[in-house]
Amino acid sequence: KLGERDEEDIVIVMADHHCGKITPNFSVEIYKQRMDNLLDKTMTIINLHRPIRNAHIFALGDIVQGENVYQGSQIEATDRGARRQIKEIAVPIWSRYISSLKQGVNEVNVYGVRGNHGKYGREAPPKTNWDLFFYDALKAALVNQIGVSINYSEEFSLLVNIKGFRFFLVHGDQCKGNAAVPVIAMRRKMAEWYANVGGFHYAYAGHFHSEYRDKLNSVADYTIAPPLVTGDEWAVEKIGRISTPQQLCFGVHERHGRTFCYTLHTDNAFLAKRFDEPEGVVK
């Protein structure tokens, strides 16, 4: 009917939280505040686009910092060990986010993949990963929460179907290279994965601590999601970009696929600053 909205689902893309990492502008307290802000922004979008029936969270890995010293986890760079990061930081904060989100929708479904910072060590098998331990713990913490499901893959990727549209999820560390990675290596890998899984409509990756989008072909595209952590030297050194604390969300319609898209800012300190000069001045 005229003036009535079609029902949609909402997807929130969670990437590269590194919740136990310490940088000049990131700590456990800052992480908590950013997640609170993310919840407020998410609920604002839900209320703006109602009717929203279900919410889906794409957890793209590196939720905890891990303990691998070869990946920036030296003693002075982490707040606490990986097990305590999961138990004392990630699980309580994510449980609060999901439980609060559930109050505004019928279902909340989490879909997770593992990241490279979750690797236990060079000698450990790939499935020994702190992100997988986190998903295990989160599932146990929310086992009695009606309408909440925690789903994750022990492999490097996950294929998710929402309203008949296929979403391919991967962390993205499989793409090796330098600052050209999001443009060259990622696109080549995505084309291979597209063929391997029999096609998808949308793909989402993290890892590179910056936001980027590209068309793969006439029916598919992929997005590299921005991080929640900031002040990471790796992103500046390897990618050449200073990360900003943002996460993504979008709608899914049963006929049109992905619809509305938002980049959610979680920290006002990183918003663009206005120049203090008269409008229309050209220098």
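How many cavities of 30 Å³ or more does the count come to? Keep that one in mind; the solution is in Exercise 1.

A word on the ground rules. This is a predicted model, where local features need pLDDT of at least 70 and side-chain atom pairs count only at pLDDT 80 or more, while totals for chains, interfaces and linings use all residues. Residues are numbered from 1 along each chain as its sequence is written, and side-chain values use heavy atoms, with hydrogens and water left out.

**Exercise 1. Find the enclosed space and describe its lining.**

Step 1: settle the rule. On a 1 Å grid over the protein atoms alone, a cavity is a set of points where a 1.4 Å probe fits but cannot get out, and lining residues have an atom within 4 Å of a point. Grid points are joined across faces, edges and corners, and a volume is the space filled by probe spheres set on the points.

Step 2: count. The count comes to one cavity of 30 Å³ or more, and the largest cavity has a volume of about 30 Å³.

Step 3: list the walls. Tyr204, Arg213, Leu248, Cys249, Phe250, Cys261 and Tyr262 line the largest cavity. Two elements, β10 (246-253) and β11, give two or more residues to this lining, and β10 has the largest share with three. Helices (H or I, at least four residues) and strands (E, at least two) are DSSP runs, numbered from the N terminus.

Step 4: sort by class. Ala, Val, Leu, Ile, Met, Phe, Trp, Tyr, Cys and Pro count as nonpolar, Asp, Glu, Lys and Arg as charged, and the others, Gly among them, as polar. That splits the cavity lining into six nonpolar, no polar and one charged.

**Exercise 2. Describe the second largest pocket.**

Step 1: a pocket is an open set of points with protein on both sides within 12 Å along at least five of seven lines. The second largest pocket has a volume of about 160 Å³.

Step 2: 14 residues line this pocket, and Arg114, Lys119, Pro126, Asn129 and Asp173 lie nearest its centre. By class, the pocket lining has five nonpolar, six polar and three charged residues.

**Exercise 3. Work out what the largest nonpolar core is built from.**

Step 1: define it. A nonpolar core is a set of buried Ala, Val, Leu, Ile, Met, Phe, Trp, Tyr and Cys residues joined through side-chain atoms within 4.5 Å. Buried means under 20% relative accessible area, exposed over 50%, partly exposed in between (1.4 Å probe, protein chains only).

Step 2: find the hubs. The largest core has 45 residues, and Ile57, Trp94, Tyr97 and Ile98 touch the most other members. Elements that each supply at least two residues include α1 (28-48), α2 (82-102) and α3 (130-141). The largest share, ten residues, comes from α2.

Step 3: zoom in on one hub. Not counting residues up to four places away in sequence, Ile98 touches Ile57, Val108, Val110, Leu138, Leu142, Val148 and Ile150. Contact here means heavy atoms within 4.5 Å.

**Exercise 4. Check α1 and α3 for length, then see what they pack against.**

Step 1: the expected span of a helix is 1.5 Å times one less than its number of residues. With 21 residues, α1 reaches 30 Å from its first C-alpha to its last, close to the 30 Å expected. For the twelve residues of α3 the rule gives 16 Å, and its end C-alpha atoms are 16 Å apart, so the two agree.

Step 2: the buried residues of α1, among them Tyr31, Leu38 and Ile45, pack against β1, β2, α2, β10 and β11. In α3, Trp130, Asp131, Leu132, Phe134, Tyr135 and Leu138 are buried, and their cover includes β2, α2, β3 and β4.

Step 3: take Leu39 in α1. Leu39 counts as buried because its relative accessible area is 8%. Leaving aside neighbours within four places in sequence, Leu39 is in contact with Arg96, Tyr97, Ser100 and Leu101.

**Exercise 5. Spot the unusual backbone.**

Step 1: look at omega. The peptide bond from Arg50 to Pro51 is cis, with omega near 10 degrees, and Pro51 is in the loop between α1 and β2.

Step 2: look at phi. His207 has a positive phi near 75 degrees without being a glycine, and so does His209, at about 55 degrees. His207 sits in the loop between β7 (202-205) and β8 (212-215), and His209 is found in the loop between β7 and β8.

Step 3: check burial. His207 counts as buried because its relative accessibility is 10%, and His209 counts as buried at 4%.
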